[in-house]
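Welcome! Please take a look at the sequence and the structure below, and then let us walk through some parts of the fold together.

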Amino acid sequence: MIIIEVAGGLGNQLQQYALYRKFLNLGKEARLDISWFREENQDRMLAKRELELDYFEGLVYKTCTLKEKTKLAGSGGIAGKLRRKLMPFTIRHMKEERMYYPELLSYNDMYVSGYFACEKYYADILPELRESIRFPKSSNPLNYALAEEMKSCNSVSMHIRRGDYLDDKNREMFGDICTDEYYHQAVKTIKEAFPDATFYIFSDDTAYVKEKYQGKEYTVVDINHGRDSFYDIMLMSSCRHNICANSTFSFWGARLNGNENKIMIRPTIHKNSQTFVKKEMEDLWRGWRFINPKGQIQ
């Protein structure tokens, strides 16, 4: 049995779900472990999260039991410590520590922890995922009016994430990657292909982007808040092309975009600890275009 731990925000949860679906497609028995979202666990978190997979309409998955999890990953307490010390070979727990594991999909019995942003794992089932990841009906009619508008023009979603990325700790890890130069080159790349492009900007700092992007070709999207924020992924996916931040939230806006001729742009790295290797990234993220923090196309 493969058990995948679900943790983090919506974009990460969708990646873990996609990996779960990939294992099922390979004919393997798979489960999700959603215990990370229990209240007693969230009380210890600085930023509390909800299981947002359940926001979607009819998203089906099977969860593991505590017994199934313990069999593979072990347990806490004295008994768990003794097992790890005396019988470490009985622990089957894979923890993601690098971008891609070519052996991952060959596992049959493993508890898997990680975020699995690498698209190569599940790129071939994205058409299937677009069919099954369905948004419930929104109570805000502006979502549907805007989605129709996006489908009628050369629309481009542009995600600018600031908020928590401006905190000292997060800035060290995620900051100064999607720079002004990055967005300038991304917009230029789109305009070279589609001079009449309209850019729909999604951000957690609408005051900043409204001041920064005032041209007639820019529309700041500010209609979904709180729990309804996940409808922004639906709107991003309604655009014909996508400019992403170093954020799995906007990655999924692009992944759920079914336009066969779409341009998808992402930064060369997701975290400052990473090194961009062009040949490797072109294999792991096929069909994407890469721009570095200096605004250079790679």
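## A serine in a loop

Leaving out its neighbours within four places in sequence, Ser138 is in contact with Asn143, Tyr144 and Tyr231. Keep in mind as you look that this is a predicted model. You will find Ser138 in the loop between helix H5 (126–132) and helix H6 (142–151). Is Ser138 buried or exposed? With a relative accessible area of 7%, Ser138 is buried, because buried means under 20% relative accessible area. One of its contacts can be described further: the side chains of Ser138 and Asn143 are joined by a polar contact of 2.9 Å.

## Two strands and a helix

Next, turn to the start of the chain. Strand S1 (residues 2–5) and S2 run parallel, and four bridges join them. If you look for Ile3, you will see that Arg31 in S2 stands opposite. Together, S1, helix H1 (residues 10–25) and S2 make a right-handed β-α-β unit.

Which way do the side chains of strand S2 (residues 30–33) point? Ala30 and Leu32 point one way, while Arg31 and Asp33 point the other way, and all are buried. This fits a general pattern: in a regular strand the side chains alternate between the two faces of the sheet.

## Salt bridges across the chain

How many salt bridges are there? The count comes to 13 salt bridges. The table shows some of them.

| Salt bridge | Distance, N to O |
|---|---|
| Arg21 and Glu128 | 2.6 Å |
| Asp33 and Lys69 | 3.1 Å |
| Asp180 and Lys212 | 3.0 Å |

Begin with the salt bridge between the side chains of Arg21 and Glu128. This pair links distant parts of the chain, with Arg21 in helix H1 and Glu128 in helix H5, 107 residues apart. Arg21 counts as buried at 12% relative accessibility, whereas Glu128 counts as partly exposed at 32%.

Asp33, which we met in strand S2, forms a salt bridge with Lys69. Lys69 lies in helix H3 (residues 66–73) and Asp33 in strand S2, so the pair ties together parts that are 36 residues apart in sequence. Asp33 is buried, with a relative accessible area of 4%, and Lys69 is partly exposed, with 22%.

The side chains of Asp180 and Lys212 also meet in a salt bridge. Here Asp180 in helix H8 (residues 180–193) is linked to Lys212 in helix H9 (residues 206–212), 32 residues apart. Asp180 is partly exposed, with a relative accessible area of 39%, and Lys212 is partly exposed, with 39%. Finally, Lys120, Asp283 and Arg286 are joined into one network by salt bridges that share partners.

Note on methods:
Residues numbered from 1 in each chain as written. Predicted model: local features only at pLDDT ≥ 70, side-chain atom pairs only at ≥ 80, totals over all residues. Heavy atoms only, no water. Buried < 20%, exposed > 50% of the residue type's maximum accessible area, 1.4 Å probe, protein only. Polar contact = N/O pair within 3.5 Å; in protein donor to acceptor, adjacent residues only side chain to side chain. Contact = heavy atoms within 4.5 Å. Pairing = 2+ DSSP bridges. Right-handed = clockwise from strand over helix to strand, strands pointing away. Salt bridge = Lys/Arg side-chain N within 4 Å of Asp/Glu carboxyl O.
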